[in-house]
Amino acid sequence: MEEKNLQSIQIHLVNGRLARLKLIIYPDNTLETAIITDDSMQEKVFSKRFEDEESALDFFHYLKQDRDVPEPVGRYKKLAVDLEKAKLYAKGRMGNDDSGAFNFDSVSVYLPRWREKLVINAAKTAGVDCFKRRRSSWYLFSLPEAGDCLMRTKAVKAMSDFLNNIGYRTYVFYMLD
């Protein structure tokens with residue numbers, strides 16, 4: 001007996017690449033949940049082995065929710081493009097001095113009546129982290145590779161200014177560790 005695909009679906013990764021999310025069973029009855037790029041040079045992006053089918057299937061569904069980022073459309077596509085531009089602008093202005101207090105500074109953007117899942121997908125597409133503040137229309141966006149202290153603060157201020165200048169309602173959310 002050879003390996004056999006129990007499930008296989010196509011997903012979109014954050015970087016825009018297409019991939020296959022597979023649930024594979026091997027001759028020794030172990031299972032593997034894997035993400036394999038769907039292009040000419042197939043590569044395993046992620047894989048994990050399991051002993052039981054229930055755990056493997058649960059993880060398969062988790063990866064489908066977590067890693068599949070559909071291409072944004074409409075105003076969400078514009079948001080993704082604007083966040084990407086703001087990220088590049090901010091990274092160019094954060095400097096090299098990362099002294100000071102460790103912080104979790106973020107840009108807060110007011111997006112009333114926007115769908116949370118689609119905003120988060122747009123942020124993932126742009127390469128920034130995002131979450132929605134409870135019971136409000138404010139979303140926090142942060143730069144994953146913007147330093148930990150003063151560099152992060154400068155980057156967030158620049159990103160907030162950029163987004164504010166192109167029409168979004170923003171402010172800087174300061175949070176010390």
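**Exercise 1. A salt-bridge network**

Task: In this predicted model, determine which residues are linked with Arg17 in a network of salt bridges, and where Arg17 and Glu43 lie in the chain.

Solution.
1. The network of salt bridges links Arg17, Asp39 and Glu43.
2. Within it, consider the salt bridge of Arg17 with Glu43, whose closest N and O atoms are 3.6 Å apart. This distance meets the criterion of a side-chain nitrogen within 4 Å of a carboxyl oxygen.
3. Arg17 is placed in the loop between β1 (4-12) and β2 (18-25), and Glu43 in the loop between β3 (31-37) and β4 (44-50); the pair therefore ties together parts that are 26 residues apart in sequence.
4. Arg17 is partly exposed, at 29% relative accessibility, and Glu43 is likewise classed as partly exposed, with a relative accessible area of 40%.

**Exercise 2. A bridge between two strands**

Task: State which strands are tied together by the pair Glu32 and Lys44, and decide whether Glu32 is buried or exposed.

Solution.
1. A salt bridge joins the side chains of Glu32 and Lys44, at 2.9 Å from N to O.
2. Glu32 belongs to strand β3 and Lys44 to strand β4, so the pair ties together parts that are twelve residues apart in sequence.
3. The class "buried" requires under 20% relative accessible area. Glu32 has 2% relative accessibility and therefore counts as buried.
4. Lys44 has a relative accessible area of 48% and is partly exposed.

**Exercise 3. A link between distant parts of the chain**

Task: Locate Glu145 and Lys91 in the chain, and assign Glu145 to an accessibility class.

Solution.
1. Glu145 and Lys91 form a salt bridge, with 3.5 Å between the closest N and O atoms.
2. Glu145 is found in the loop between β7 and α4 (150-165), whereas Lys91 is in helix α2; the two are 54 residues apart, and the pair links distant parts of the chain.
3. Exposed means over 50% relative accessible area; at 59%, Glu145 therefore counts as exposed.
4. Lys91, with a relative accessible area of 28%, is partly exposed.
5. For the whole structure, a search finds nine salt bridges.

**Exercise 4. The largest pocket**

Task: Describe the volume of the largest pocket, the residues nearest its centre and the composition of its lining.

Solution.
1. The volume of the largest pocket is about 190 Å³.
2. Its lining comprises 15 residues, and those nearest the centre are Phe104, Asp105, Ser106, Phe131 and Ser142.
3. At least two lining residues come from each of β6 (129-132) and β7 (138-142).
4. By character, the lining divides into eight nonpolar, three polar and four charged residues.

**Exercise 5. A nonpolar surface patch**

Task: Identify the residues that form a nonpolar patch with Phe102, and give the place of Phe102 in the chain.

Solution.
1. Phe102 forms the patch on the surface together with Phe104 and Met175, and the accessible area of the three together is about 270 Å².
2. Phe102 sits in the loop between α2 (75-91) and β5 (106-110).
3. Patch residues must have over 30% relative accessible area; Phe102, partly exposed, has 34%.
4. Phe104, a member of this patch, is also among the residues nearest the centre of the largest pocket.

**Exercise 6. The chain as a whole**

Task: Give the number of helices and strands, their order and the share of buried residues.

Solution.
1. There are four helices and eight strands in the chain.
2. Their order from the N terminus is β-β-β-β-α-α-β-α-β-β-α-β.
3. The C-alpha trace spans about 60 × 40 × 35 Å along its principal axes.
4. Of the 177 residues in the chain, 39% are buried.

Technical notes:
Residues numbered from 1 in each chain as written. Predicted model: local features only at pLDDT ≥ 70, side-chain atom pairs only at ≥ 80, totals over all residues. Heavy atoms only, no water. Patch = residues over 30% accessible without salt bridge, like charges linked within 9 Å, V, L, I, M, F, W, Y side chains within 5 Å. Areas by Shrake-Rupley, 256 points an atom, 1.4 Å probe, with all protein chains shown as cover. Buried < 20%, exposed > 50% of the residue type's maximum accessible area, 1.4 Å probe, protein only. 1 Å grid on protein atoms, 1.4 Å probe; cavity = no way out; pocket = protein on both sides within 12 Å on 5 of 7 lines; lining within 4 Å. Points joined across faces, edges and corners; volume = space filled by probe spheres on them. Nonpolar A, V, L, I, M, F, W, Y, C, P; charged D, E, K, R; others polar.
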